[in-house]
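Let's look at a protein together and ask how each label in its description is earned. Keep asking "how do you know?" as you read.

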Amino acid sequence: MSWGTELWDQFDNLEKHTQWGIDILEKYIKFVKERTDIELSYAKQLRNLSKKYQPKKNSKEEEEYKYTACKAFLSTLNEMNDYAGQHEVISENMTSQITVDLMRYVQELKQERKSNFHDGRKAQQHIETCWKQLESSKRRFERDCKEADRAQQYFEKMDADINVTKADVEKARQQAQLRHQMAEDSKADYSSILQRFNQEQWEYYHTHIPNIFQKIQEMEERRIVRIGESMKTYAEVDRQVIPIIGKCLDGIVKAAESIDQKNDSQLVVEAYKSGFEPPGDIEFEDYTQPMKRTVSENSLSSSKEGKSELRFGGKSRGKLWPFIKKNKGATPEDFSNLPPEQRRKKLQQKVDDLNKEIQKETDQRDAITKMKDVYLKNPQMGDPTSLDHKLAEVTQNIERLRLETQKFEAWLAEVEGRLPARSEQARRQSGMYDGQTHQTVTNCAQDRESPDGSYTEEQSQESELKVLATDFDDEFDDEEPLPAIGTCKALYTFEGQNEGTISVVEGEMLSVIEEDKGDGWTRIRRNEDEEGYVPTSYVEVYLDKNAKGAKTYI
């Protein structure tokens, strides 16, 4: 089956058909592009949805995520974020493997189609030109034959007329001979052109057109194969992400299975336990006897100036904290308005926050001290005295925070001394600081009794301050070489002309012995005996997470 032999006379229809094939391919490209847009939009909506329900930093929502059910929900949100990422992968792969490839192929296909049909039209124009030449020679031959016949008839007429002179007859004879000769020449020319046309026509229908149509057929078949391969790729792109999507769904199932209702119940106890003992029985007061009425120590009501009121709806000033609410007031600095257990947790949290602030200020002081030492060794890098004011300010902040920490630690020791002995596990759960997800405890919504007898509702909760801890060296140790904490690659060539610096060449690999502490310089070593500082922006650092001194990001 060949278009060249079967469709030799369907040039126009083939031209329309191949254009239709290109239109179909462009339609498929548009379909894939719209699919990629949908995948990107879907991924964006999933990410926004996940972000919308993420707990807000330093808010009450973040405290709720200590419960296993909330942790499972958070894991679900994170898995949905990864799930969205797979739809972005689908969009990217379809764009790179289908859309871009097919758009380039369409341009090549259009150029090839244009070239083939240009050759076909050129062959058509050539055969049409030959046909016109044939028709012209045929008409000329016909005309010359008629002219020869008329000349012959005129000669015969003149020859038969006795009144015509001999000269006129001779002239008519010569004219007839000339016309006959022209007719013979036209005949020969017509015969030659006819033979040439027949040869051109045979080559046109048996060689040129079949070859051109064969190329067009092969081009069309390649287009069909290409669109089929693209459809397979379309399915494979989806299939490739199915295992990862399955892992995301498995992660959601695993998170759901990790929910522990008993653990959540225990967290509620730890969050809202007041530390008070339940009230004892109220003693009977016999008003029939003329005796001085006293109130038992276990009574929930107290008397004022020898008079007691048992009316819960009245203005009793006794210890009625389980039953009534009292006026709100400002939260004392020592949290004395809270129940003992809640007060202890608040004080412990405050001490932890202050210790983190002290660590932060200490790291800043060490960094400034190091920078000052660098300036002392390399005056051209900066003025060391310009850091004295900042260093004094940081030192004052550290001293202030330490005094405040001692104050809260004293209150904490006082509270822990009053509380009944707790198990070691309970102390660890409530007293130790969790470095990864340290959360404040939600206080009980109902009113509590403070040790001084005041009754206030809990006003606010402490906001947690999270700070990335950065380790800095306290001093330079020129005696003992520092261990390597990673490696680095020089991105640019640096000429270390100042004291304390080291020259590096682009692409060179070196050991990192001290990372950037905030001054823009990284300390490196070449071999075992040559070390110094280079600008941090000139190198790409690869830290060993297990190396001592390497930063840990939480």
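What follows is a set of questions and answers about this predicted model.

Q: What does the secondary structure of the protein chain come to?
A: The protein chain comes to 9 helices and 7 strands. Of its 554 residues, 35% count as buried, which means that they have under 20% relative accessible area.

Q: Why is the pair R140 and D189 called a salt bridge?
A: A side-chain nitrogen of Lys or Arg has to be within 4 Å of a carboxyl oxygen of Asp or Glu. For R140 and D189 the N to O distance is 2.4 Å, so the pair meets the cut-off of 4 Å. This pair also links distant parts of the chain: R140 is in helix α4 (residues 68–160) and D189 is in helix α5 (residues 166–257), 49 residues apart. In the whole structure, a search finds 26 salt bridges.

Q: Are R140 and D189 buried, exposed or partly exposed, and how do you know?
A: Buried needs under 20% and exposed needs over 50%, with partly exposed in between. R140 has a relative accessible area of 29%, so R140 is partly exposed. D189 also has 29%, and D189 is therefore partly exposed.

Q: What makes K407 and E333 a salt bridge?
A: Their side chains meet at 2.7 Å, N to O, and the cut-off is 4 Å, so the name fits. K407 lies in helix α8 (residues 388–418), while E333 lies in the loop between α6 (261–272) and α7 (340–377), so the pair ties together parts that are 74 residues apart in sequence. K407 has 32% relative accessibility and so counts as partly exposed. E333, at 43%, counts as partly exposed too.

Q: Which of the words buried, exposed and partly exposed fits E531, and which fits R523?
A: R523 has 5% relative accessibility, and because buried means under 20%, R523 counts as buried. E531 has a relative accessible area of 34%, so E531 is partly exposed. The side chains of these two residues meet in a salt bridge of 2.8 Å, N to O. Both belong to a network of salt bridges that links K370, E514, R523, R525 and E531.

Q: How many aromatic pairs are there, and why is the pair F31 and Y234 called tilted?
A: A search of the whole structure finds 13 aromatic pairs. The ring centres of F31 and Y234 are 5.6 Å apart and their planes are at 35°, so the pair is tilted. The reasoning is that planes under 30 degrees apart count as stacked and over 60 as edge-to-face, so 35° falls among the rest. F31 is in helix α2 (residues 11–52) and Y234 is in helix α5, 203 residues apart. F31 counts as partly exposed because its relative accessibility is 41%, whereas Y234 is buried, with 18%.

Q: What makes the pair F408 and W411 edge-to-face?
A: Their planes are at 85°, and their ring centres are 5.2 Å apart, so the pair is edge-to-face. The cut-off for that name is over 60 degrees. Both residues lie in helix α8, 3 residues apart, about one turn of the helix. Both F408 and W411 are buried.

Q: How do you know that a charge sits over the ring of Y105?
A: The charged end of R226 is 4.4 Å from the centre of that ring. The distance cut-off is 6 Å, so this part of the test is met; the charged end is listed as sitting over the ring.

Q: Which residues form a nonpolar patch on the surface, and what makes F73 fit in?
A: L49, Y53 and F73 form the patch, with about 290 Å² of accessible area together. F73 lies in helix α4 and has a relative accessible area of 36%. Patch residues need over 30%, so F73 passes that step.

Q: Why is Q261 called exposed?
A: Q261, in helix α6, has 53% relative accessibility and so counts as exposed, because the cut-off is over 50%.

Methods. Residues numbered from 1 in each chain as written. Predicted model: local features only at pLDDT ≥ 70, side-chain atom pairs only at ≥ 80, totals over all residues. Heavy atoms only, no water. Helix = DSSP H or I, 4+ residues; strand = E, 2+ residues; numbered from the N terminus. Buried < 20%, exposed > 50% of the residue type's maximum accessible area, 1.4 Å probe, protein only. Phe/Tyr/Trp six-rings, centres within 6.5 Å; stacked < 30°, edge-to-face > 60°. Lys NZ or Arg CZ within 6 Å of the ring centre and 35° of its normal. Patch = residues over 30% accessible without salt bridge, like charges linked within 9 Å, V, L, I, M, F, W, Y side chains within 5 Å. Areas by Shrake-Rupley, 256 points an atom, 1.4 Å probe, with all protein chains shown as cover.
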